[in-house]
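Me: Please take a close look at one part of this model, the packing of the helices, and then place it beside whatever else stands out. A plain account will do.

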Amino acid sequence: MTATDTLTPFSSLSPREGLDFDAVLRTYEAVSRILPETPAWSYPLLSAEAGVDVVVKHENVQPTGAFKVRGGVALMAALSPEERRRGVVTASTGNHAQSLAWAGARSDVPVTVIVPAGAPARKVAAVRALGARVVVEGDTMCDSLAHAEALSLSEGMRMVSPGDEPAIVLGHATVYLELFRRHRGLRTVYTPVGSGSGAAGACLVRDVLAPECWVIGVQSSTAPAAHRAWKSGKPATVHSHTRVAGLAVGASFALTQSVLGRSLNDFILVDDDDIQRAVGLMSTHAHTLAEGAGAASLAGLMADPARRGPCAVVCTGGNADDGELAAIADFADSAVTDMALTC
Ligand SMILES: *Cc1c(COP(=O)(O)O)cnc(C)c1O
């Protein structure tokens, strides 16, 4: 590791930073020191298929393969010296774990990740390879979260929530800072929603840089907790049975809902099969390997009868699992068949 990719504490950030545009700008100073701007551009075939001009913002090219690394970097930069010394703990098998592991290694903050027994071996190996301590504990993610909280108390580590962390929302907002600065005149941005931290970040930036642009959330109809909370204005817990790992969230989060409730323009639910088709479309029409959650915003665009261009979708991640990879081949096959039939 060289001096330039080491994170220095960013003293003007605090973990309790308010959620506003100025805080996003301060966060971007920390994030952009480590992570270069990601590309955002259009693909003629994809725009033709959608019937509107579509910009794809590529977070799949991040070092961990997902946008969440921005949240990890922002969180590490916001820790106090004492918190940095004691380290952080969380529970996750996915992109959140890799994000903290990557950012922790670059800021000399010890990271402990609790994973449930039975978590996919390849994902656990990735977290470990990035330098985190992995503890296998619990049968479900809920058990692992409870264990993380217990360990945070007994070992003095800072517990990191996957949803209610202002620094993480601000880190995720920097995706949209880059997008709106680079592409003026967008009329709609589709953003995938699990905990809602990415969508909340999108709203914070849009409110200032592109007030005319709509931000539309997209969630799996089989894990609709944030959607239900947004519709009803009340916290929601809904059992998740989606195949899409990055969107498998069973409860709404108060912090992100406080932003989405006042700022999100619309919220679309799509089926897991719609998301899988969008994974295929990303591969055949945008040269991009997306995981399900990374293609969900495109699925939302394709499902939106009122779509208004120019619009943007965010490919939030590329860590496709084995099932998603296998299904791309089926999608490509069916695309070939369609073509043969139309000749
Ligand atoms: C976590 C995740 C999401 C959902 O983001 P939230 O901020 O939790 O709403 C979307 N895409 C990918 C690839 C993710 O890892």
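Reply: Helix 1 and helix 3 are roughly perpendicular to each other, because an angle between 65 and 115 degrees counts as such and theirs is about 105 degrees. This is a predicted model. Helix 1 covers residues 21–32 and helix 3 covers residues 68–78, and their axes lie 9 Å apart. On the helix 1 side the contact is made by Thr-27, Tyr-28, Ala-30 and Val-31. Helix 3 contributes Arg-70, Val-73, Ala-74 and Ala-77. Sorted by class, this contact holds 6 nonpolar residues, 1 polar and 1 charged.

Helix 1 also packs on helix 8, which runs over residues 166–182. The two axes come within 9 Å and cross at roughly 95 degrees, so helix 1 is roughly perpendicular to helix 8. From helix 1, the residues that take part are Phe-21, Ala-23, Val-24, Leu-25, Thr-27, Tyr-28 and Val-31. They meet Leu-170, Gly-171, Ala-173, Thr-174, Leu-177, Glu-178 and Arg-181 in helix 8. The contact of helix 1 with helix 8 comprises 9 nonpolar, 3 polar and 2 charged residues. Thr-27, Tyr-28 and Val-31 of helix 1 appear in the contact with helix 3 and also in the contact with helix 8.

Next, the ligand. Lys-68, listed among the closest of the 15 residues that surround the ligand, falls within the range of helix 3, residues 68–78. The other closest residues are Gly-194, Gly-196, Ser-197 and Thr-316. By class, the shell has 4 nonpolar, 9 polar and 2 charged residues. Backbone atoms provide some of the polar partners: a polar backbone atom of Gly-196 is 2.7 Å from an oxygen atom of the ligand, and one of Gly-198 is 3.0 Å from a ligand oxygen. Thr-316 uses its side chain instead, with a polar atom 2.7 Å from a nitrogen atom of the ligand. Taken alone, the ligand would expose 380 Å², and the protein buries 97% of that.

Two loops deserve a note on backbone geometry. Gly-309 and Pro-310 are joined by a cis peptide bond, with omega about -5 degrees. Pro-310 sits in the loop between helix 13 (292–303) and strand 10 (311–315). Asp-108 is not a glycine, yet has a positive phi of about 55 degrees. Asp-108 belongs to the loop that links helix 5 (95–106) and strand 4 (111–115).

How values were computed:
Residues are numbered from 1 along each chain as its sequence is written. This is a predicted model: local features need pLDDT of at least 70, side-chain atom pairs count only at pLDDT 80 or more; totals for chains, interfaces and linings use all residues. Side-chain values use heavy atoms; hydrogens and water are left out. A residue is near a molecule or strand if one of its heavy atoms lies within 4 Å of it. A polar contact is a pair of N or O atoms within 3.5 Å; within protein, one must be able to donate a hydrogen and the other to accept it, and residues adjacent in sequence count only if both atoms are side-chain atoms. Accessible areas come from the Shrake-Rupley method with a 1.4 Å probe; for residues, only the protein chains shown count as cover. Ala, Val, Leu, Ile, Met, Phe, Trp, Tyr, Cys and Pro count as nonpolar, Asp, Glu, Lys and Arg as charged, and the others, Gly among them, as polar. Axes are lines fitted to C-alpha atoms, for helices over the stretch in contact, and angles run from 0 to 180 degrees between N-to-C directions. Helices (H or I, at least four residues) and strands (E, at least two) are DSSP runs, numbered from the N terminus. Angles under 35 degrees count as roughly parallel, over 145 as roughly antiparallel, 65 to 115 as roughly perpendicular and the rest as oblique. Contact means heavy atoms within 4.5 Å.
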